[in-house]
Amino acid sequence: MKIRRLSDNGSKTILKANKLKTYLGKKKEKHIEYGLKRLGTKFTDKKVRFIPSDIPGMVIGMNVDYHLSDLDIHIEGTSSTADTKECKTVVQAKSTKEKCPNSKFVVFLVSQPRGKASHINNLNSCPYIDKVITIWQDEWKYVKELRRLIDDKLKSLIEEYNQLALQF
């Protein structure tokens, strides 16, 4: 049996996998955006950029996906989270809270595997993150179901923060 070696040590395969992961993540972010539009919520679809003070020398900054200006909520949408994404999200939340201390920071996970629930517990325990909304990977099979779940979760989030705004 011949063993065939890859001349590039699999870097092309990794590149293709990362491109696919980015494409699918952007697609799920678009579902969140369409859900916000269906609910008639006023939001800035231009990504809000914050430069984290924890990373010295960083001049580019990090983008937060959506800002609901009426309710002062920043939403970071992602398909799922693991170690690296969890750290990035915490840094984003901290830099957002430093620049806008009265705003809320919400993490919206669209297809999180149940086996990685510990990452959600870590995000929930973070003092800079106000709410973590999770749609588990096994809760939906078709995009129509995913859209309905996103709409329901976004609607409850907006109603919850509207109620809080009316109390004050």
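**View A. The buried residues of helix 3 are His119, Ile120 and Leu123.** Look down the axis of helix 3 in this predicted model and its buried residues sit within an arc of 100 degrees, so they line one face of the helix. The cover over these buried residues includes helix 2 (83–99), strand 5 (104–112) and strand 6 (131–136).

**View B. Zooming in on Ile120, a residue of helix 3 (residues 117–125).** Ile120 comes out at 6% relative accessibility, so it counts as buried, the cut-off being under 20%. Skipping its neighbours within four places in sequence, Ile120 is in contact with Leu109, Gln112, Val132, Thr134 and Trp136. Glu86 is worth finding here too: it lies 34 residues from Ile120 in sequence, but the C-alpha to C-alpha distance is 8.5 Å.

**View C. The largest nonpolar core has 21 residues.** Ile32, Leu36, Ile75, Phe108 and Ile150 are the ones that touch the most other members. Two or more residues each come from helix 1 (11–38), strand 3 (66–68), strand 4 (73–78), strand 5, strand 6 and helix 4 (143–167). Helix 4 chips in the largest share, with 7 residues.

**View D. Phe108 and its contacts, followed by a second core.** Setting aside neighbours within four places in sequence, Phe108 is in contact with Ile32, Ile75, Glu76, Gly77, Thr78, Ile133, Ile135, Ile150, Lys153 and Leu154. There's also a second, separate core of 13 residues, with Phe50, Phe105, Leu109 and Ile120 among them. Leu109 and Ile120 are also a contact pair, as in View B.

Definitions and conventions
Residues numbered from 1 in each chain as written. Predicted model: local features only at pLDDT ≥ 70, side-chain atom pairs only at ≥ 80, totals over all residues. Heavy atoms only, no water. Helix = DSSP H or I, 4+ residues; strand = E, 2+ residues; numbered from the N terminus. Buried < 20%, exposed > 50% of the residue type's maximum accessible area, 1.4 Å probe, protein only. Contact = heavy atoms within 4.5 Å. Arc of directions from axis to C-beta. Core = buried A, V, L, I, M, F, W, Y, C linked by side-chain atoms within 4.5 Å.
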